[in-house]
Amino acid sequence: MSYEIVIGLEIHCELKTKTKAFCSCRNEFGAEPNVNVCPGCLGMPGTLPALNKTAVEYCIRAGLAVGCKISRYSAFERKHYFYPDLPNAYQVSQLEYPLCIGGGLTLDSGKFVRLNRIHLEEDAGKLLHGPYGTRVDLNRAGVPLIEIVTEPDLRSADEAVEFLAKLKSALLTTGVSDCKMQEGRLRCDVNVSVNKPGDKWGTRIEMKNLASFSAIKRAITYEAKRQMDELDKGNTFVQATRRWDDKDGKSYPMRDKETSNDYRYFPDANIIPINVEPSYVESIRKTLPEMPWELKERLQKELGLSEYDARTITSDKAYSDLYLNVLKTFNEPKFVLNFIMGEVFKKLNALGQDDIEIPLKPEILAKLLKLYHGKTIAQATARELLDEIWESNADPEQIVKDRNLAQVSDSGALEAILQKLVADNPKAAEQLKMGDPKVNQFFIGQTMKATGGKANPAVVLEVLNKIINK
Amino acid sequence: MELAKLSLEQAIDKLNRKETTSVELTKAVIAQAKAAADLNALITVFEESALKAAVESDKARAAGKPLWSLAGVPVGVKDCICIEGTKLTCASKALENYISPYTATAAQKLIDAGAVIVAKANMDEFGAGNRNETSAFGRAKNPVDPTRVTSGGSATAVAAFQCYGGAGTDSGGGIRMAAAYCGLVGLKPTYGLISRHGVMAYSGSVDCVGPLTRTVADNAILLDVMAGHDPLDMTSAKQPKQEYYKNLKADVKGLKVGVVNGGCALAAAAGFKAGGATVSEIKFPYLDAALGAYVAITSAEAMSNLNRIDGIRYGLRQNGSGELEDVYFKSRTAGFGKAVKQTIMLGNYVLSKENLDKCFFKAKKIQKFLQQEFDKLFKQFDLIVSPTVDIEAPVAGEASNPTDAKYAVVASLAGIPAISVPCCNGPNGLPMGLQIMANKFNEQTLLNAALFFERAKEGVK
């Protein structure tokens, strides 16, 4: 008998404020260990938090982008646990009075996935394991995070990944975070349960800190299957946190001690609650950029893109940014779209990243596409050049000129080649005369070979017909 | 000796009239500290750096440079207030060798005003207690009768002339009870009037820094220096700058004084009538409830604040087996004394899932209720008077009784200013304190009434 899978996500997203949430240390990734620290984020005696207003603004901004209601009153609590990466032995978070309530996102299927809340909290540091033992880097301690909590509305691993990709795209669009999963700036806790249709929800299992789309997909798939197998065997289990091992592709139980915390949440008296003025919220709302789903509609309406094309090109901010910026200097919407969704996507999939970064500048790509569109270069050349300029951003016009890569459309030059080919391949020429179109491809291929792929296929056919029909 | 006995106000005056020097004053108080070292008032004495600062101060004065209000005056601060590059022990073994990398705002204001910081004073370990018997470095004694307790080494130091005034902290009476036990003037200002940045927290929602002095005028002088908004403390109040000392006058004319009776409070408060105040007794049946709420809230906050003392980044570390949990367990077991451990246990109990609502949030409701009661009272009265403590300083080693603090904690929970001034003598001839409370930010009214009371008492002598 089949099961229904119920999934809820808790997404942690580091905000890209200049400074940390409660002190003036820099919020930057990749610095030498323990350089961006001060007595405050080291949890030294006597230090007090000073709330970063930009972090509050960014949290509200994220909330507005996904349709949350912004709380009029918001407050901070302490969540207690001991760990070396948590200097105060409590994390400042929001339990009772989060900044943003509700909201949600619509999947491609039309299904609306509800959010429970978005709240502001601080990140912990990082443990560094090495030959010298374990050390702690507190650069990240106190970096502002937003935690985005969904309702348990997701029903499959694919839905979860789609939701997350849409959320990521929305967050990137608002500019509050760079959402880099590889740097741990966007991570996800997944709650999975299974139940027979019509039954009550099953026991929830949580897996924390999943850091890639593939890990999330695999973890959900594995965990749901594991739970179904257990239930099929007649076993029951208790609500717990399991550790997902991405290398093994399995989830493992954790010790009770690690999962049965009473965090002893209570109000942080050092941080005065925030009274969020509606006028302030409106001032933030006014600065919200066009969200991906709005852009999608506009592209359909203004450029006549199909629903599929518009959805695909807006599925990541990197795609839509590239697309819109190429159009600025080369306004051929369909042509550019096809090239990006064909050639550029192929290249990105080959890289296989969660965090889409396109090193190629839009104006350089526009130059390349102009050459290709104007038939100055052949498709093969365009592909080769894309590879070449992808990171270097070298000027494609210059390369074409320097290396003489322009397509050979000169019928005189092609005639000589083709006459020789016809003479050397009498049998094929005979077939062509009989009207066998397959042989066309043979001659085009051979001409490409002779010209280093630069021959314009249309011109080749034209010249070939002339020779044969003489 | 005589030099050390000057009031802070007199010391400033003598310095200004060039009748003494900062070096002389500093040497005088350090001599007192050495002579009465057995009182155990001080944890760290900055003999060298204090004398150096005194020399600099004298040089500046001789050169005719503009001088700030406390130029050259030796003061002490409680050892939970950070001063860069010096030990901050909080009277705990856990921080026995901890050096603070920065200076607290309140201490910096004293330094900026020209004060010579001579010492860090003994205290209850991390503030857990109200008799200064829980210090890892031994109890501070009461200079009036060394067999008896004080409520803080700062008070002992000021009363024993080891400094001209001190910066203490008061969560539930720390400054005021110490003042009462030692015959001093101690002010817990309005919550937020003096920055808490750089003060190791006991209970952040009630902790206050305040002056401990031998006279009311001295108290006003130190308050002038330490009060003020600080962006590093979100709970710091944005209030217009006051000049408490300049505006100080012994005046209670037309004030309405309500008295919560106990000890000699009613008799003492009657003295205000002579100044043109009206005095009436009020019923205030909330002392016990307030005490319970205070214990619940502060133990919860203290537990939370003390969790950072984990032996990982600083402080006493005992590795044990080397396993992380053992490091925590061994370090904290060895670092904390019994009273701190009890506070932590209680705090964890209060905040546990089962008790959060019935202990912690109930206590917060009581606090809210008290605040509303005081709001009502201050519509009727300008000042509320009570005993600071209704007993004399207890004999050291006696079982401590939390109800000692019942008069003190109400002002703490309400966030209102309260001052303790020497009042009558108790059955054993030991000093007792009168607590005067006012509405928020009415420190001037409070100090003026305290000055009136001080003068009236002197007149009686």
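**Exercise 1. Work out how α9(B) passes α13(B), and which residues make the contact.**

Start with the handedness: α9(B) crosses α13(B) in a left-handed way (left-handed if the near helix is turned anticlockwise from the far one by less than a right angle, right-handed if clockwise). Helices here are DSSP runs of H or I with at least four residues, numbered from the N terminus. A quick note on the source: this is a predicted model, where local features need pLDDT of at least 70, side-chain atom pairs count only at pLDDT 80 or more, and totals for chains, interfaces and linings use all residues. Residues are numbered from 1 along each chain as its sequence is written, while chains are lettered from A and ligands numbered from 1 in the order in which they are written.

Next, the geometry: the axes of α9(B) and helix α13 (residues 406-414) of chain B come within 9 Å and cross at roughly 65 degrees (axes are lines fitted to C-alpha atoms, for helices over the stretch in contact; angles run from 0 to 180 degrees between N-to-C directions). That makes α9(B) roughly perpendicular to α13(B) (under 35 degrees is roughly parallel, over 145 roughly antiparallel, 65 to 115 roughly perpendicular, the rest oblique).

Last, the residues: α9(B) brings Leu287(B), Asp288(B), Ala290(B), Leu291(B), Ala293(B) and Tyr294(B), and α13(B) brings Lys406(B), Tyr407(B), Val409(B), Val410(B), Ser412(B) and Leu413(B). Contact means C-beta atoms, placed from the backbone, within 7 Å.

**Exercise 2. Do the same for α9(B) and α12(B).**

The axes of α9(B) and helix α12 (residues 356-380) of chain B come within 8 Å and cross at roughly 125 degrees. The two helices are therefore oblique to each other. Their crossing is left-handed. Among the contact residues are Ala289(B) and Ile297(B) from α9(B), with Phe360(B) and Leu370(B) from α12(B).

**Exercise 3. Is Tyr181(B) buried or exposed, and what does Tyr181(B) touch?**

Find Tyr181(B) in helix α6 (residues 174-182) of chain B. Now count: 36 other C-beta atoms lie within 10 Å, so Tyr181(B) is buried (buried is 20 or more other C-beta atoms within 10 Å of its own, exposed 12 or fewer, partly exposed in between, with C-beta atoms placed from the backbone). Then list the neighbours: not counting residues up to four places away in sequence, Tyr181(B) touches Asn142(B), Val149(B), Thr150(B), Ser151(B), Ala155(B) and Ala393(B). Finally, check a long-range pair: Tyr181(B) and Val389(B) are 208 residues apart in sequence, yet 8.4 Å apart in space, C-alpha to C-alpha.

Terms used: Contact = placed C-beta atoms within 7 Å.
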